[in-house]
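Okay, thanks for making time for this one. Have a look at the fold on the screen, and then I'll talk through the parts I found interesting.

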Amino acid sequence: MLLHQMPKPTIAMVGGPAVGARFSLAAACDLRFASEDAVFAASFMPNGLSGDYGGTFWWTRIAGTAVARRMYLLDETVPGAEALRLGMVHEVLPGPELAARVREVAGQLTRTPAELLALVKDNLNQAEEDADRRRFLFANEAVNQAKAGMAMMARMQKAVARQAASDES
């Protein structure tokens, strides 16, 4: 839960088997990228386990009840291309291109102020909550939007002050 709830976006790069705990941890990440040879499998029941790291919770939300039940109850192995079709991953790439693409996405995220990313991620996390918390969503988004606006204004004021100082020199 903490991996998903932390204020920084998390990225799973699956370049091979995501089985057991790795399967669950990939689900807790905000973004999931896989290579063409990646495979996904719960593989808990054959080992006498019911699942761990919140995988049943996350995969049900990500791919839906039918897919999660298929993965856990039937212990199916899903290749990367099918994982993409099922909405389990955001993109599937040839193995040699995977790391570069994930670095590109990470770079894109790092160009966004951390405070803004945290607010957007909080909005997304709050939107996932149960129905009794949905009424909170719009108020939460409004508060976070106001915080983002104030932070942007502060960044702009600093930039103007820096420019003015450099113009004076």
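Strand 3 and strand 6 run parallel, with 3 bridges between them. One pair to click on there is serine 35, whose bridge partner in strand 6 is leucine 93. Keep in mind that this is a predicted model.

So what is the strand order in the sheet these two belong to? It goes 1-3-6, an open sheet of 3 strands with parallel pairing. Strand 1 and strand 6, residues 91-93, sit at the edges; each has a single partner strand, so one side of each has no neighbour in the sheet. From one strand to the next the twist averages 20 degrees.

On the other flank, strand 1 pairs with strand 3, in the parallel sense again, over 4 bridges. You can walk along the ladder: isoleucine 11 has leucine 31 as its bridge partner in strand 3, methionine 13 has phenylalanine 33, and valine 14 has alanine 34. As a reminder, side chains in a regular strand alternate between the two faces of the sheet. In strand 1, residues 11-14, Ala12 and Val14 make up the covered face, while Ile11 and Met13 are on the uncovered one.

Now strand 3 itself. Why call it largely enclosed by the rest of the structure? Because 4 of its 5 residues are buried. There is also a helix over this sheet: helix 6, residues 95-110, lies across strand 1, strand 3 and strand 6, and runs at about 160 degrees to strand 3.

Let me stay with serine 35 for a minute. This residue belongs to strand 3, which spans residues 31-35. Is serine 35 buried or exposed? Buried: its relative accessibility is 1%, and the cut-off for buried is under 20%. If you skip its neighbours within four places in sequence, serine 35 touches Val14, Gly15, Gly16, Gly80, Val92, Leu93, Gly95 and Leu98. There's a side-chain partner as well: serine 35 and aspartate 37 are joined by a polar contact of 2.4 Å.

Next, the other sheet. This one is open too, with 3 strands in the order 2-4-5, but here the pairing is mixed. The edges are strand 2, at 17-19, and strand 5, at 78-79; each has a single partner strand, so one side of each is left without a neighbour in the sheet. Strand 2 and strand 4, residues 39-41, run parallel and are joined by 3 bridges. If you want a landmark, proline 17 stands opposite valine 39 in strand 4. And what lies across strand 2 and strand 4? That's helix 2, residues 21-28, at about 95 degrees to strand 2.

Okay, helix packing. Helix 3, residues 55-63, packs on helix 4, residues 65-73, with the axes 7 Å apart and an angle of about 140 degrees. Roughly antiparallel would need an angle over 145, so this pair counts as oblique. On the helix 3 side, the contact uses Gly55, Thr56, Trp59, Thr60 and Ala63, and helix 4 brings in Thr65, Val67, Ala68 and Tyr72. Sorted by class, that contact has 5 nonpolar residues, 4 polar ones and no charged ones.

Two backbone spots for anyone who likes looking at torsions. Most residues other than glycine have a negative phi. Serine 43 isn't a glycine, yet its phi is positive, about 50 degrees; you'll find serine 43 in the loop between strand 4 and helix 3. Aspartate 75 also has a positive phi without being a glycine, at about 55 degrees. That aspartate 75 sits in the loop between helix 4 and strand 5, and it counts as partly exposed at 23% relative accessibility.

Last, let's zoom out. How many helices and strands does the chain have? There are 8 helices and 6 strands, and from the N terminus they come as α-β-β-α-β-β-α-α-β-α-β-α-α-α. The chain has 169 residues, and 31% of them count as buried. For the contact-map people: among contacts between residues at least 6 apart in sequence, 59% join residues at least 24 apart.

That's my tour, so let's go to questions.

Terms used
Residues are numbered from 1 along each chain as its sequence is written. This is a predicted model: local features need pLDDT of at least 70, side-chain atom pairs count only at pLDDT 80 or more; totals for chains, interfaces and linings use all residues. Side-chain values use heavy atoms; hydrogens and water are left out. Buried means under 20% relative accessible area, exposed over 50%, partly exposed in between (1.4 Å probe, protein chains only). A polar contact is a pair of N or O atoms within 3.5 Å; within protein, one must be able to donate a hydrogen and the other to accept it, and residues adjacent in sequence count only if both atoms are side-chain atoms. Contact means heavy atoms within 4.5 Å. Two strands pair if DSSP finds at least two bridges between them. Axes are lines fitted to C-alpha atoms, for helices over the stretch in contact, and angles run from 0 to 180 degrees between N-to-C directions. Angles under 35 degrees count as roughly parallel, over 145 as roughly antiparallel, 65 to 115 as roughly perpendicular and the rest as oblique. Ala, Val, Leu, Ile, Met, Phe, Trp, Tyr, Cys and Pro count as nonpolar, Asp, Glu, Lys and Arg as charged, and the others, Gly among them, as polar.
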